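Here is a briefing on one protein structure. Keep the sequence and the 3D view open while you read.

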Amino acid sequence: MYSPSNASGSSGSGSRRRRSSSSDGYGTETAMTTPLVTNTTSYGAINNKQSETLDTTANDPIIEKQLVRKLDKRMLIWAFLACFAKKLDRNNLQNAFTMGMDIDLGLNSSVYNWSLTMFFIGYIVLQIPGNIIITKFKPRLVLPTFVIIWGTVVCFMAFVRDYKELWMLRFCLGLAEAPFYPGMVFLFGSWYKKSELGKRIAFFSTGNEISAAAGGLIAGTIYDRMHGAAGLPGWKWLFIIEGLIAVALGIIGYILLPNLPHDNNTGWLTKQERENAILRTQQQSKQVTLDSYNWSTVKSVFATPYSWLLMVNSSCLIFCTYLQLNFAIVLRDTGFPVSFSNYMQTPLFIFAAISAVCIGWSSDKKDDRAFHIAGLQTWVGVWYLLLFLFTTKITVTYRSDPIIVLFLVIIGTYAIAVASSLPALCLTWTNEIYKDQYTRAVAIAFINAISNLAPSLLGIKAWLVTDSPEFWLGKLSGVCAAFASVIITLSIWFMLRIDFMAPKTNSADDGDNDDQQDDIQR
């Protein structure tokens, strides 16, 4: 079974450490004499010759609660708001077109589609390099800087004169946004324990759903209030205002974000809280640092089946969310008014966000990732199958009977939206499978990059607007993706259980390895 070793510098005594969770969700630990590495020769490299013994008060549960609350109030809240701004800036091109950008610049639908493609090209290019940068330099400086850059790029989009400039800026936007999401997932995994991680990554990721729910309302408000102000059309104000939101958040991020636990330059942490953070990392058997990227890093990620299976699994999970992305089109083409169809997206995405937090909390509470993913994907697959069979066999009733539409389209879409948090849960699981910081950073970036690209390419053919409202191919593909995800998830769980080619870390304390051997299977 999977039994990664303790981080460099852990105790050689072989003493066992037991974990428990308090009722408020903040974990407590009982280890007392773990040596703490404090001297760093450079950011991301530890001098193992110099160390000191932890002050026993650093293991105080009160200090641990203070640490986690500080992380929640600063890092978690900032990450959620930045995720909200990221999705807002990525998707505001559609709102700009509806405000008249296409008419003012003489752009057509082909230009719009290529603008989306240019974003994803940039997004894929910088995923892995971006996460490597975060392990080499201070995350407190790197991540907010990228937020400021993408906000600046969005502001510049207000002044494009033709499609070439638009494509160039969309490519730059993809580059700037690429390191943020995998970088934050990596940083969360460096600070939070397994019992805390799932619900927090889920909450952070709900910034996407809340942005989708509020994006249209924000765009409409900007257009109503700012169109014509200073002689600028509403779509230009949209880019300027939403870009400045990101710039402001980036500046705030320099204050609120921490560095990695072994770095003592996070000013809002006390010495005891920093020591407690390192102790928590060691107790999770996570290696904080390695000397450098080398062949073993690449081999740990790409020469074992886990990164590939997790990538395919995450792609299936994201593909299964496409019905809710087309929900307004389905309602419109079923016969509902256009305004009603658009407004109905807001409660759907709010419901998806609430469900995501609940599922993340349950996953942490039950100490499980695999069966939450497999169980929910079975639920999703059944609903996709029902909708597929319905839309291919009684199409006339589908268009004419509002009762059937209500229960099998609206309720079916809400039922499937329950599982919208699963891509984030899959990355949470990745955080736990890969223990040392470099392989973890590369694996998260690789999985996030490909699993965003692959469903987008497949969705172009599977979710054709001309197939609306039936979307029979999209729903059939959803059935296949959901049940494929179930099989892949259970396969990963089983391989970890039998320790088949499991990612390894440098050996340190065999006693602690035995104590941790069942931790990752779940």
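**A helix, ring pairs and salt bridges**

Helix α20 covers residues 422-433, twelve in number, and spans 16 Å from its first C-alpha to its last, close to the 16 Å expected at 1.5 Å a residue. The model is predicted. The points below start with this helix, then turn to rings, charges and contacts.

**Inside helix α20**
- Twelve of the twelve residues of α20 are buried, so the helix is largely enclosed by the rest of the structure.
- Among the buried residues are L422, P423, W429 and I433.
- The buried residues of α20 also include T428, T430, N431 and E432.

**Aromatic rings**
- The structure contains 23 aromatic pairs.
- One pair is Y181 with F204: the ring centres are 5.2 Å apart and the planes lie at 20°, so this pair is stacked.
- Y181 and F204 link distant parts of the chain: Y181 is in helix α7 (residues 180-191), F204 is in helix α8 (residues 194-226), and 23 residues separate them.
- Y181 is buried at 7% relative accessible area, and F204 is buried at 0%.
- F327 and Y414 form another pair, with centres 6.5 Å apart and planes at 85°, so this one is edge-to-face.
- F327 belongs to helix α14 (residues 327-334) and Y414 to helix α19 (residues 402-417), so the pair ties together parts 87 residues apart in sequence.
- F327 counts as buried at 1% relative accessibility, and Y414 counts as buried at 19%.
- Buried means under 20% relative accessible area.
- Ring pairs also join W78, W150, F180, Y181, F188, Y192 and F204 into a cluster.

**Salt bridges**
- The whole structure has twelve salt bridges.
- E177 and R90 meet through their side chains in one of them, at 3.5 Å, N to O.
- This pair links distant parts of the chain: E177 sits in helix α6 (residues 163-177) and R90 in helix α1, 87 residues apart.
- E177 is buried, with 0% relative accessible area, and R90 is buried at 9%.
- R90 has a ring contact too: its charged end sits over the ring of Y123, 4.9 Å from the ring centre.
- K194 and D367 form a salt bridge at 3.3 Å, N to O.
- K194 lies in helix α8 and D367 in the loop between α16 (345-365) and α17 (370-393), so the pair ties together parts 173 residues apart in sequence.
- Here K194 is buried at 5% relative accessible area, whereas D367 is partly exposed at 23%.
- R280 and E196 form a salt bridge whose closest N and O atoms are 2.7 Å apart.
- R280 is in helix α10 (residues 271-283) and E196 is in helix α8, 84 residues away along the chain.
- Both R280 and E196 are buried.
- A network of salt bridges links E64, K193, E196 and R280.

**Contacts across the chain**
- G100 is found in the loop between α1 (61-98) and α2 (101-105), and it is buried at 13% relative accessibility.
- G100 and P233 are 133 residues apart in sequence, and their C-alpha atoms are 8.2 Å apart in space.
- Y438 belongs to helix α21 (residues 437-462) and is buried at 0% relative accessibility.
- The C-alpha atoms of Y438 and V298 are separated by 9.3 Å, although their positions lie 140 residues apart along the chain.

**At the surface**
- Which residues form a nonpolar patch on the surface? They are F494, I498, F500 and M501, with about 380 Å² of accessible area together.
- F494 lies in helix α22 (residues 472-497) and is partly exposed, with 45% relative accessible area.

Methods: Residues are numbered from 1 along each chain as its sequence is written. This is a predicted model: local features need pLDDT of at least 70, side-chain atom pairs count only at pLDDT 80 or more; totals for chains, interfaces and linings use all residues. Side-chain values use heavy atoms; hydrogens and water are left out. Helices (H or I, at least four residues) and strands (E, at least two) are DSSP runs, numbered from the N terminus. The expected span of a helix is 1.5 Å times one less than its number of residues. Buried means under 20% relative accessible area, exposed over 50%, partly exposed in between (1.4 Å probe, protein chains only). Rings of Phe, Tyr and Trp (its six-membered ring) pair if their centres lie within 6.5 Å; planes under 30 degrees apart count as stacked, over 60 as edge-to-face and the rest as tilted. A charge sits over a ring if NZ of Lys or CZ of Arg is within 6 Å of the ring centre and within 35 degrees of the ring normal. Patches are made of residues with over 30% relative accessible area and no salt bridge: like charges are joined within 9 Å, nonpolar side chains (Val, Leu, Ile, Met, Phe, Trp, Tyr) within 5 Å. Accessible areas come from the Shrake-Rupley method with a 1.4 Å probe; for residues, only the protein chains shown count as cover. A salt bridge is a side-chain nitrogen of Lys or Arg within 4 Å of a carboxyl oxygen of Asp or Glu.
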